[in-house]
Each structure stands twice: as structure tokens, then as C-alpha cells.
Amino acid sequence: MLKQYNIKNYRFRLVAYVVILTIIGILAIGSAKPSVQDNQIMGLIAGLVIMVIVSLIDYSVILKFRRIWYLMIVVLLGLIFVPGVGYEVNSATRWIKIGGFQFQPSELCKIMLIVFFAAFFMRVQEKLNTWQMLLASVILAGIPLLLIVKEPDLSTTIIVTLVFITMLYVAGLSYKIILPILAICIPAAVISIILMLREQFPFLQPYQYSRILSWLDPDKYPDSSRQQQNSIIAIGSGQLWGKGLNNSSITSLKNGNYLSEPQTDFIFTIIGEELGFVGCIIVVILIMLIVFECIMIARKAKDLGGRLLCCGMAALIGFQSFVNIGVTTGLMPNTGLPLPFVSYGLTSLVSMFIGIGLVLNVGLQPKRYGTIENL
């Protein structure tokens, strides 16, 4: 399980990017809600320790336990619906609470799903482009996705689906299969959008319709669009350098309590208002660098399993960051997703550090022979 590694292969750059981004998040959280800042600092310390431990464990050994990881995913997501165990917050049951301990299973399950499908796709690589294997893959992904949808947590469902599709592509999905699927999915997507606009789409809850319609026409739905519109105003008011962390300005929307739960889903709003355009760009660049490092490590991975682990994490961080920032800037309908390494949430933070630990271990075992393969 533990091997002798060459320290020169340890991606300290990736560690530095992650730590700097997390520290920026801690500073922003301290300004948004000082009472939880110490918890996030403890999350950073715990995350770093766990990351280092995971980074020294041979990922090939971890992949061998794919059945256990999948069983844990289903069990953890299923426990949410057990009376007395599942914990409801804002009309959604997404937490498990036992005594004074609580955590969000879907955040940890994102990482375990990446591990499972990295192992699964590596094992069935030669049979991947058969309809039987594709159907099996969809069913295996569909079970946890249905459990996440039932919480309900549509945004996490979408992100996990995008990560699954990315990993399926990297695993070697043939264009002969991709093109027919696109020929079906594109018209289906257009029809779905039309049904959503007419409030006739059967899979959306009333509050989800409200968020979509308020995004399209915020003046017509002021109550539903208020949070997002305030976010846009706050980010714009930060201008180039921002108003400063922990400022007491009467013009601050945060200080006026116009932003609800700014330490979580709308943490980017705090960064925009208090650190300005410069702070926002630094955060975006750090996220891009983390994604880039994951992809570069994937290109040098010794096997398909390693490539899939790295690309899965790159997709998770990239897609989730895009959605979070898109929501706070008004580019997408309002939905609840944390900004990786930045938003408050110990389950999310520690889970992300576990994922980075896996990527670092892949980097410690680079391919020794042959040319670098294209993803």
C-alpha cells in the first residue's frame, strides 16, 4: 500500500495553489460570518493532514476496493432518508446527523464516485464501447444520482452527471457512439427548455421553476431574484480593489444583511465586494491552475485508472466552480453549490483535499516508458 516515492515527483505547486485558495476562502468567510472561521481553519489543517496521508497510499490499491466504495456511496446516500438520521436544512434533507456530528454525504460521495468509475472503466476498458457495458455504466451512475435528486439536490446531480460523462469520454468512448447520443440529446434538451419555460417540465419542483423564471426575468419575480440581483450589485460595487475585508462601510450589501448565508454558496460575492475585480481574478486563476495541474498529472499517469482519477477531479473542480461563479454573477439560475476550497463547509473542504491527495499519488507514479498519450 505504501511505496517508496521520488520526492521530485510530488506536485508541491498543486498543494500551494490549493492552500492559497483555501486561505483566501478562510479570510472571506471570516468577513462574511466570523463565528465559523475557526471551524474552516480546523478544516484546512485536517484536510492537509488527510491529503498527505492519502497522497502516500498507492492509488492502485484504493481502486481495488471499488465494490466497497460503491456500497458506501449507496449506504451513505440512503441513510439520509432514515428517520432520526437524515437532517433537514432549508426544506432539503442533505445531511446526516448523529449526536453532535453532522456531515453532507453527497460531498464525500462525489470523490468516491470518481474513485469507483476510475476503477470500473479501467476494468472494462476493452468492452466500454458496447451498448451492454454503457447501459451497465448508466445504471451504476443512475442509482446514486436518483438518491441525490430525491434529497432534493438537482445542482449536485448535474455536476456529478457532468463528471461521469467526462470520465466516460476520457475512458475511450467512441465517436460512433457519441454522435448518435448527441443527435438524441440536443433535441431533447431544446424540448426540455421549452417545457421549463412553460412550467410543464415534470421533473422540476415549484421552487426550481421559480429560480429559472426569475433568472430570465428578474423584474417580474423580484422576491425570487433578490438574492442573485444583490449578489451582482455587490460584486460590481467592489470595482477594481474592493472595499476591504471586514470593512464597516454602510454601502456594503453584506453589512446591510442583504445577502443570506454569504459564507457558503455566495462566498464569491464577498470576494467581489471586498477584494474587488483583482480578488475575483486571483480566485479564478487559482482554480484554473488547479484544474490544469490535475490534467497535466493525468497526461503522465501510468495507467487509465490514474488518468481517470485526475480528470475526474479536474472536471469536478472546474464544473462546480463554473456553476458557483456563474450563479453569483447572474450567468446561470440560482442554485446551491459551494465554491471548491473557498466556501464554508467542512465536508466539502475535507472531501476536496482527499481528492487532491489521490491526484498527488498519481503524480508520484508517473509513466516511465513510451510517449505521453493524448487524453
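Buried means under 20% relative accessible area, exposed means over 50%, and partly exposed is what lies in between. Keep those words in mind for the views below, which show a predicted model.

**View 1. P180 in helix α8, a partly exposed proline.**
P180 sits in helix α8, which covers residues 175–197. Its relative accessibility is 37%, so P180 counts as partly exposed. Now look for E273, which is 93 residues away from P180 in sequence. In space, the C-alpha atoms of P180 and E273 are 45 Å apart.

**View 2. The whole chain, before we zoom in again.**
Count the secondary structure and you get 13 helices and three strands. The radius of gyration is 21 Å, close to the 21 Å that the globule rule gives for 375 residues, so the chain is as compact as a globular protein of that length. Put a box around the C-alpha atoms along the principal axes, and that box is roughly 60 × 50 × 45 Å. Of the 375 residues, 50% count as buried. The chain exposes about 18,400 Å², with 67% of that coming from carbon and sulfur atoms. As for charge, there are 27 positive and 18 negative ones, and their mean positions lie 12 Å apart. If you take the contacts between residues at least 6 apart in sequence, 74% of them join residues at least 24 apart. The next two views pick out pairs of residues that are far apart in sequence.

**View 3. G25 in helix α1, with Y344 alongside for comparison.**
Helix α1 runs over residues 12–32, and G25 is part of it. Is G25 buried or exposed? At 0% relative accessibility, G25 counts as buried. Y344 is 319 residues away from G25 in sequence, yet their C-alpha atoms are 7.7 Å apart in space.

**View 4. A46 in helix α2, shown with V350.**
A46 belongs to helix α2, residues 37–55. With 31% relative accessibility, A46 counts as partly exposed. Its partner in this view is V350, 304 residues away in sequence. From C-alpha to C-alpha, A46 and V350 are 7.2 Å apart.

**View 5. W69 in helix α4 and the residues it touches.**
You'll find W69 in helix α4, which spans residues 66–79. W69 counts as partly exposed, at 24% relative accessibility. Which residues is W69 in contact with, once neighbours within four places in sequence are set aside? They are I62, M112 and V115. For V115, the C-alpha atom is 7.7 Å from that of W69, and the two residues are 46 apart along the chain.

**View 6. A cluster of aromatic rings.**
The model has eleven aromatic pairs. A pair of aromatic rings is described by the distance of the centres and the angle of the planes. Start with F116 and F117, an edge-to-face pair with 5.0 Å from centre to centre and 75° between the planes. Both F116 and F117 are buried. Then move to F120 and F121, whose ring centres are 5.8 Å apart and whose planes meet at 55°, so this pair is tilted. F120 and F121 are both buried as well. Ring pairs link these four with Y70 and F164, giving a cluster of Y70, F116, F117, F120, F121 and F164.

**View 7. N334 in the loop between α12 and α13.**
Helix α12 covers residues 304–328 and helix α13 covers 346–364, and N334 lies in the loop between them. Although it is a loop residue, N334 counts as buried, at 15% relative accessibility. What does N334 contact, leaving aside neighbours within four places in sequence? The list is R211, Q227, Q228, F266 and V327.

**View 8. Q239 and E261, two residues in the loop between α10 and α11.**
This loop comes between α10 (222–237) and α11 (267–299), and Q239 is found in it. E261 is in the loop between α10 and α11 too. Phi of Q239 is near 50°, which is a positive value in a residue other than glycine. For E261, phi is likewise positive, near 50°, and again the residue is not glycine. How exposed is each one? Q239 has 61% relative accessibility and counts as exposed, whereas E261 has 45% and counts as partly exposed.

Methods: Residues numbered from 1 in each chain as written. Predicted model: local features only at pLDDT ≥ 70, side-chain atom pairs only at ≥ 80, totals over all residues. Heavy atoms only, no water. Helix = DSSP H or I, 4+ residues; strand = E, 2+ residues; numbered from the N terminus. Rg over C-alpha atoms; globule rule 2.2 N^0.38 Å. Buried < 20%, exposed > 50% of the residue type's maximum accessible area, 1.4 Å probe, protein only. Contact = heavy atoms within 4.5 Å. Areas by Shrake-Rupley, 256 points an atom, 1.4 Å probe, with all protein chains shown as cover. Lys, Arg positive; Asp, Glu negative; His and termini not counted. Charge placed at Lys NZ, Arg CZ, Asp CG, Glu CD. Phe/Tyr/Trp six-rings, centres within 6.5 Å; stacked < 30°, edge-to-face > 60°.
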